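Please take a moment to look over the sequence and the 3D structure before reading on. The report that follows goes through them one topic at a time.

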Amino acid sequence: MKILKTLSVFIISAVLFISCGEKKESNSQSAEKGSTAQASNENAAPKAKFDFEETEFDFGDINEGDVVTHVFKYKNVGEVPLQITNVQVSCGCTAPNWDKTPLAPGESSELQVTFNSRGKRGKQIKKITILANVEDGMDAVVIKTKVAPKDQPQAM
């Protein structure tokens with residue numbers, strides 16, 4: 001009988017020990033889930049957001065050597081000031097100009113893009129990538145044109 005009583009105490013202790021171990025594991029899993037949720041919340045922090053009047057502009061037909069400019073107008077419709085950190089172009093024939101100061105929510109500004117067609121012929125499509133504190137870290141606009149060779153003026 002004493003052996004049965006000792007065995008019962010041992011089994012009960014083992015069950016309690018195992019179930020306590022499961023609770024600890026469960027608590028560590030919730031701590032991991034909590035830190036993952038915290039990381040997600042950091043990614044979900046308020047961001048700035050571009051609202052462009054247009055994201056693409058076509059200059060139409062131009063002659064080789066022409067220099068053309070277009071202004072893309074945008075507004076910050078985000079919750080925090082919009083800060084453009086850089087503007088990248090696909091070739092040296094395209095030059096961007098933008099305001100470097102932060103743009104408060106609700107305010108508007110402009111991105112000026114100049115295209116120099118010297119040495120270019122045929123259809124041209126240039127992507128302008130804007131690096132900023134927006135959701136994907138960037139946004140983009142596009143300019144297009146068709147450049148007639150210098151010796152062949154465009155049809156009127």
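Which residue in β6 is the bridge partner of alanine 95? The partner is threonine 114, and the sheet to which β6 belongs is a good place to begin, bearing in mind throughout that this is a predicted model.

## The antiparallel sheet

Four strands form an open sheet in the order β1-β3-β6-β5, and their pairing is antiparallel. At its edges are β1 and β5, the latter covering 94-98, and each of these two strands pairs on one side only. If direction is ignored, neighbouring strands of this sheet are turned by 30° against each other on average.

The link between β5 and strand β6, which covers residues 108-116, consists of five bridges, and the two strands run antiparallel. It is here that alanine 95 has threonine 114 as its bridge partner.

## The mixed sheet

Another open sheet of four strands follows the order β2-β8-β7-β4, and in this case the pairing is mixed. Its edges are taken by β2 (56-63) and β4 (84-89), each of which has a single partner strand, so one side of each is left without a neighbour in the sheet. From one strand to the next, the twist averages 20°.

Strand β7, made up of residues 122-132, runs antiparallel to β4, and five bridges join the two. Asparagine 86 can be found opposite leucine 131, which belongs to β7.

## Aromatic rings

Across the whole structure, a search finds four aromatic pairs. One of them is formed by phenylalanine 50 and phenylalanine 52, whose rings are stacked, with 5.1 Å from centre to centre and 20° between the planes. Both phenylalanine 50 and phenylalanine 52 are buried. The rings of phenylalanine 52 and tyrosine 74 have centres 5.5 Å apart and planes at 55°, so this pair is tilted rather than stacked, since stacking needs planes under 30 degrees apart and edge-to-face needs over 60.

Phenylalanine 52 lies in strand β1 (residues 50-52), whereas tyrosine 74 lies in strand β3 (residues 67-76), so their pair ties together parts that are 22 residues apart in sequence. Tyrosine 74 is buried, as is phenylalanine 52. Through these ring pairs, Phe50, Phe52 and Tyr74 are linked into a cluster.

## A charge over a ring

Tryptophan 98 takes part in an arrangement with a charged residue: the charged end of lysine 100 sits over the ring of tryptophan 98, at 3.9 Å from the centre of that ring.

## The disulfide

How many disulfides does a search of the whole structure find? It finds one, and this disulfide joins cysteine 91 to cysteine 93, with a distance of 2.1 Å from S to S. A disulfide is a covalent bond between the sulfur atoms of two cysteines.

Cysteine 91 has a relative accessible area of 18%, and because buried means under 20%, it counts as buried. Cysteine 93, with a relative accessible area of 10%, is buried as well.

## An exposed loop residue

Glutamate 135 is placed in the loop between β7 and β8, where β8 covers 138-148. Its relative accessibility is 70%, and because exposed means over 50%, glutamate 135 counts as exposed.

When its neighbours within four places in sequence are left aside, glutamate 135 is in contact with Lys47 and Ala48. Glycine 78 is 57 residues away from glutamate 135 along the chain, and the C-alpha atoms of these two residues are separated by 9.7 Å.

Conventions:
Residues numbered from 1 in each chain as written. Predicted model: local features only at pLDDT ≥ 70, side-chain atom pairs only at ≥ 80, totals over all residues. Heavy atoms only, no water. Pairing = 2+ DSSP bridges. Axes fitted to C-alpha atoms, helices over the stretch in contact; angles between N-to-C directions. Phe/Tyr/Trp six-rings, centres within 6.5 Å; stacked < 30°, edge-to-face > 60°. Buried < 20%, exposed > 50% of the residue type's maximum accessible area, 1.4 Å probe, protein only. Lys NZ or Arg CZ within 6 Å of the ring centre and 35° of its normal. Contact = heavy atoms within 4.5 Å. Disulfide = S-S within 2.5 Å.
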